[in-house]
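The following paragraphs go through one protein model, strand by strand. Please keep the sequence and the structure in view while reading.

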Amino acid sequence: MASVKVFRGDTWKRVWVLKDDGGNPVDLSGATARLHVRDASGAKVAEASTADGRLVVTAAQGRVDMTVPAAAMQLAPGAYRFDLELTYPGGVVQTIEQSTLVVLEDMSRD
């Protein structure tokens, strides 16, 4: 998957829709979600979860909406790794995406 790009200090919004092999939404009833952003050393530098309200699961649509506020996106420009993980009621954990987040500096804000 291609890297995700966001400008430093912008609100990071993203949507994932999970579908089964038949193209139908995956039932996410009771599932929780979490996203971690880590720097090159593996240290966690930002996060989002259903617990903090930054991730919202719409179960019947198989949808996960993320909103990480601008205040939490004050990361230094550069490349980071992120992963989105779902935990289902039975304890099954599924990583939905692992990718690179590229934080860019918006020079027009200077």
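Two strands are taken as paired if DSSP finds at least two bridges between them. By that rule β3, residues 32-38, and β4 are partners, since 5 bridges join them, and the two run antiparallel. The model is a predicted one, and the pairing of its strands is a convenient way into it.

Start with the overall inventory. The protein has 8 strands and 0 helices, so the pattern read along the sequence is β-β-β-β-β-β-β-β. Its C-alpha trace spans about 45 × 25 × 25 Å along the principal axes. Of its 110 residues, 33% count as buried. Among contacts in the protein with a separation of 6 or more, 60% are between residues 24 or more positions apart.

The pair β3 and β4 belongs to an open sheet of 5 strands, in the order β1-β8-β7-β3-β4, with mixed pairing. The edges of this sheet are β1 (4-7) and β4; each has a single partner strand, so one side of each is left without a neighbour in the sheet. On average, and with direction ignored, neighbouring strands here are turned by 25° against each other.

Now follow the sheet from the β1 edge. Here 4 bridges join β1 to β8 (residues 93-104), and these two strands run parallel. Within this pair, F7 stands opposite L104 of β8. On the next step, β8 is joined to β7 (residues 78-87) by 10 bridges, and this pair runs antiparallel. R81 stands opposite T100 in β8. The hairpin of β7 and β8 has 5 residues between the strands, and G91 in this hairpin takes a positive phi near 100°.

At the other end of the order, β3 pairs with the edge strand β4, and L35 stands opposite A48 in β4. The hairpin of β3 and β4 also has 5 residues between its strands, with G42 at a positive phi near 95°.

Two residues of this sheet show what surrounds its strands. The first is L84, which lies in strand β7. Is L84 buried or exposed? Its relative accessibility is 0%, and because buried means under 20%, L84 counts as buried. Leaving aside neighbours within four places in sequence, L84 is in contact with W16, A33, R34, L35, L55, Q94, T95, I96 and E97. The residues A33, R34 and L35 in that list are part of β3, which covers residues 32-38, while Q94, T95, I96 and E97 are part of β8, residues 93-104. The C-alpha atom of L84 is separated by 9.8 Å from that of E47, a residue 37 places away along the chain.

The second residue is S49, which has its place in β4, residues 44-49. S49 is buried too, with a relative accessible area of 16%. Not counting residues up to four places away in sequence, S49 touches A33, R34, R54 and L55.

The contacts of L84 with W16 and L55 lead to the other sheet. This one is open and has 3 strands in the order β2-β6-β5, with antiparallel pairing. Which strands stand at its edges? They are β2 (12-17) and β5 (55-58); each has a single partner strand, so one side of each is left without a neighbour in the sheet. Neighbouring strands of this sheet are turned by 10° against each other on average, direction ignored.

Between β2 and β6 (residues 63-68) there are 6 bridges, and the two strands run antiparallel. W16 stands opposite V64 in β6. W16 lies within β2, residues 12-17, and L55 lies within β5, residues 55-58. The contacts of L84 thus include a residue in each edge strand of this sheet.

Finally, consider the surface and the charges. The protein exposes about 6100 Å², of which carbon and sulfur atoms supply 50%. The protein carries 12 positive and 14 negative charges, and the mean positions of the two sets are 2 Å apart.

Notes: Residues are numbered from 1 along each chain as its sequence is written. This is a predicted model: local features need pLDDT of at least 70, side-chain atom pairs count only at pLDDT 80 or more; totals for chains, interfaces and linings use all residues. Side-chain values use heavy atoms; hydrogens and water are left out. Axes are lines fitted to C-alpha atoms, for helices over the stretch in contact, and angles run from 0 to 180 degrees between N-to-C directions. Buried means under 20% relative accessible area, exposed over 50%, partly exposed in between (1.4 Å probe, protein chains only). Contact means heavy atoms within 4.5 Å. Accessible areas come from the Shrake-Rupley method with a 1.4 Å probe; for residues, only the protein chains shown count as cover. Lys and Arg count as positive and Asp and Glu as negative; His and the chain ends are not counted. The place of a charge is taken as NZ of Lys, CZ of Arg, CG of Asp or CD of Glu.
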